[in-house]
Amino acid sequence: MNPFSLPPRLLFLALFAVCTGLLAFGLYLQHVVGVEPCPMCIMQRYAFVAVALVGLVAGLHGPARTGSAIYSALLLVLSIAGGTVAAQQSILQRQPPDLAMCGPGLAYMVETYGLADALPMMFRGTGDCGSLSWTFLGLSIANWSLVCFICVGIFAAGMIWRGWKHG
C-alpha cells in the first residue's frame with residue numbers, strides 16, 4: 001500500500017504524532033536517563049517542534065492540493081534546517097575538535113545571562129556538542145535526528161510530488 005494514497009489530513013496528523021513522540025523521547029532521555037541536551041540538540045528540538053506544529057495545523061486544516069504543497073514546502077525547509085544542525089553535530093561527534101565547540105546548557109545560560117543574551121549564545125553553538133552520551137544501534141542522538149529529518153524531507157517531497165502528480 002502506498003502511504004501517499006491516504007488523505008493528506010491523516011498523513012499530516014501522523015507526522016505530528018511521530019514528531020511529538022520523538023520530542024517526548026528526548027524529554028525522557030533528558031529527565032529520566034539524565035542525558036543533558038547541548039545547544040545544538042535544543043536547536044534540533046525547536047525544528048522538531050516546528051515540524052510537529054506544521055503537521056498539526058495542516059492536519060486540522062485538511063488542505064487541498066495547493067495548501068498541501070505549501071505546508072509540505074514549509075516542512076521541507078524545516079527538515080533541511082534541522083537536518084543541517086544534526087549533520088553538523090554528527091560531524092562534531094565523529095571528528096571532535098581539540099576544544100569544546102558548543103557551550104554550557106540553555107538553563108545555565110538563561111540563569112547567568114538572561115534570556116535576551118542567552119538565545120544568541122545558544123545559536124552560536126559554543127560547548128561540547130561532540131560528546132556521545134547515548135547511542136542506539138551504533139548511532140548517536142544527532143545521527144538519529146538526522147535520519148528523522150531526512151524522513152521528514154522525504155515525506156514533504158512525496159507530498160509535493162503527490163500534488164503535482166494528481167494535479
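In this predicted model, the second largest pocket is lined by residues from two stretches of the chain: Leu11, Ala14, Leu15, Val18 and Leu22 are among them, as are Val147, Cys148, Cys151, Val152 and Phe155. The elements that contribute two or more residues to this lining are α1 and α6, the latter spanning 141–165. The volume of the second largest pocket comes to about 170 Å³. Sorted by class, its lining holds 10 nonpolar residues, with no polar and no charged ones.

It helps to place this pocket within the overall fold. The protein contains six helices and two strands, and along the sequence these elements follow the order α-α-α-α-α-β-β-α. Of the 167 residues of the protein, 41% count as buried.

Helix α6, which supplies part of the pocket lining, also holds glycine 153. With a relative accessible area of 11%, glycine 153 counts as buried, because the cut-off for that class is under 20%. Glycine 153 also has a partner from far along the chain: valine 77 is 76 residues away in sequence, and the two C-alpha atoms are separated by 8.1 Å.

Helix α1, the other contributor to the pocket, covers residues 8–33. Leucine 13 belongs to this helix and has a relative accessible area of 30%, so it falls in the partly exposed class, between the limits of 20% and 50%. In space, leucine 13 lies 5.8 Å from glycine 55, C-alpha to C-alpha, although 42 residues separate them in sequence.

Valine 33 is likewise found in helix α1. Its relative accessible area is 44%, which means that valine 33 is partly exposed, as this value lies between 20% and 50%. Here the picture turns to the surface, where Val33 joins Phe25, Tyr28 and Val32 in a nonpolar patch. Together, these four residues present about 380 Å² of accessible area. The accessibility of valine 33, at 44%, fits with its place in this patch, because patch residues need over 30% relative accessible area.

A further pairing involves helix α2, which runs over residues 39–61 and includes tyrosine 46. Tyrosine 46 has a relative accessibility of 40% and therefore counts as partly exposed, under the 20% and 50% limits of that class. Its C-alpha atom is 9.5 Å from that of leucine 23, with the two positions 23 residues apart in sequence numbering.

Technical notes. Residues numbered from 1 in each chain as written. Predicted model: local features only at pLDDT ≥ 70, side-chain atom pairs only at ≥ 80, totals over all residues. Heavy atoms only, no water. Patch = residues over 30% accessible without salt bridge, like charges linked within 9 Å, V, L, I, M, F, W, Y side chains within 5 Å. Areas by Shrake-Rupley, 256 points an atom, 1.4 Å probe, with all protein chains shown as cover. Salt bridge = Lys/Arg side-chain N within 4 Å of Asp/Glu carboxyl O. Helix = DSSP H or I, 4+ residues; strand = E, 2+ residues; numbered from the N terminus. Buried < 20%, exposed > 50% of the residue type's maximum accessible area, 1.4 Å probe, protein only. 1 Å grid on protein atoms, 1.4 Å probe; cavity = no way out; pocket = protein on both sides within 12 Å on 5 of 7 lines; lining within 4 Å. Points joined across faces, edges and corners; volume = space filled by probe spheres on them. Nonpolar A, V, L, I, M, F, W, Y, C, P; charged D, E, K, R; others polar.
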